[in-house]
Amino acid sequence: MPDLRTFRPGSTRIVAYAVAVIMLVLTVVIALALPDDIYFTTAETITLWLIIGAVLVLLHGVGRSYVKATDEGVEVLNGYRRHMVPWSDIKGFAMNTGAPWPTLVTLDDERVNLFAIQGSDGSYAREAVTYLRGRLS
């Protein structure tokens, strides 16, 4: 049976979705608390919801990120951009001290950031990088 694993951001994912919920709740609470003599024009309302929508899309991009080790290679989803790198094209994985996330390095010296493995997650991040490096052997 193959040893396949998927890594997702830990605390970063929780914070992203918590901020999204808090932002929506605060928007509704403030809208309901405004006095009747204060109102927004249609253009202002549309602009407000477009900004809120853009922030929610960005937060969801952070939350949905993942790194998946498959038999074929490493699949990386950073926000809304997907990379599939075969094992044969991978030179290694770099995770410098203090780095926010590791980097996948290809044989062509291209680099793919692995946003789903957050350095702030400590031992989880170190274990993930160790696992990925072990798959290269």
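# Reasons behind the labels

Q: Why does Asp109 count as partly exposed?
A: In this predicted model, the relative accessibility of Asp109 is 44%. Buried means under 20% and exposed means over 50%, with partly exposed in between. The value of 44% meets neither the buried nor the exposed condition, so Asp109 counts as partly exposed.

Q: Where does Asp109 lie, and what is notable about its phi?
A: Asp109 lies in the loop between strand 6 and strand 7. The phi of Asp109 is positive, at about 65°, although the residue is not a glycine.

Q: What makes Lys91 and Asp109 a salt bridge?
A: The closest N and O atoms of Lys91 and Asp109 are 2.6 Å apart. A salt bridge requires a side-chain nitrogen of Lys or Arg within 4 Å of a carboxyl oxygen of Asp or Glu. The value of 2.6 Å satisfies this condition, and the pair is therefore called a salt bridge.

Q: Why is it said that the pair of Lys91 and Asp109 ties together parts that are apart in sequence?
A: Lys91 belongs to strand 5 (residues 90-94), whereas Asp109 is in the loop between strand 6 (103-106) and strand 7 (111-113), so the pair joins parts 18 residues apart in sequence. Lys91 is partly exposed, because its relative accessible area of 47% lies between the limits of 20% and 50%.

Q: How many salt bridges are there by this rule?
A: The count comes to three salt bridges.

Q: How do you know that Arg135 and Asp71 form a salt bridge?
A: The distance between the closest N and O atoms of Arg135 and Asp71 is 4.0 Å. The condition is a distance within 4 Å, so the pair is accepted as a salt bridge.

Q: What parts of the chain does the pair of Arg135 and Asp71 link?
A: The pair links distant parts of the chain, since Arg135 is in helix 3 (residues 123-136) and Asp71 is in the loop between strand 2 and strand 3, 64 residues apart. Both partners are classed as partly exposed, because Arg135 has a relative accessibility of 23% and Asp71 has one of 48%, and partly exposed covers the range between 20% and 50%.

Q: Why is Glu75 called buried, and why is Arg82 not?
A: Glu75 has a relative accessible area of 16%, which is under 20%, so Glu75 is buried. Arg82 stands at 48%, between 20% and 50%, so Arg82 counts as partly exposed. Glu75 and Arg82 form a salt bridge, with the closest N and O atoms 2.8 Å apart.

Q: What makes strand 1 and strand 2 a pair?
A: Three bridges are found between strand 1 (residues 5-7) and strand 2 (residues 66-69), in the antiparallel sense. At least two bridges are needed for pairing, so these strands qualify. Val67 of strand 2 is the bridge partner of Phe7.

Q: How do you know that strand 3 is paired with strand 2 and with strand 4?
A: Strand 3 (residues 73-78) is joined to strand 2 by four bridges, and to strand 4 (residues 81-86) by six bridges. Each number satisfies the condition of at least two bridges, so both are pairs. Both pairs run antiparallel. Ala69 stands opposite Val74 in strand 3, and Val76 stands opposite His83 in strand 4.

Q: How many residues lie between the strands of each hairpin?
A: The hairpin of strand 2 and strand 3 has three residues between the strands. The hairpin of strand 3 and strand 4 has two, and Gly79 there takes a positive phi near 65°.

Q: Why is Val21 called exposed?
A: Val21, which lies in helix 1 (residues 11-33), has a relative accessible area of 52%. This value is over 50%, so Val21 is exposed. Val21 forms a nonpolar patch on the surface with Val25 and Val29, and together they have about 250 Å² of accessible area.

Q: Which strand gives the most to the lining of the largest pocket?
A: Strand 4 gives the most, with four residues. Strand 4 and strand 7 each supply at least two residues of the lining. The lining includes His83, Met84, Asp108 and Arg111, and the largest pocket holds about 180 Å³ of space.

Note on methods: Residues numbered from 1 in each chain as written. Predicted model: local features only at pLDDT ≥ 70, side-chain atom pairs only at ≥ 80, totals over all residues. Heavy atoms only, no water. Patch = residues over 30% accessible without salt bridge, like charges linked within 9 Å, V, L, I, M, F, W, Y side chains within 5 Å. Areas by Shrake-Rupley, 256 points an atom, 1.4 Å probe, with all protein chains shown as cover. Buried < 20%, exposed > 50% of the residue type's maximum accessible area, 1.4 Å probe, protein only. 1 Å grid on protein atoms, 1.4 Å probe; cavity = no way out; pocket = protein on both sides within 12 Å on 5 of 7 lines; lining within 4 Å. Points joined across faces, edges and corners; volume = space filled by probe spheres on them.
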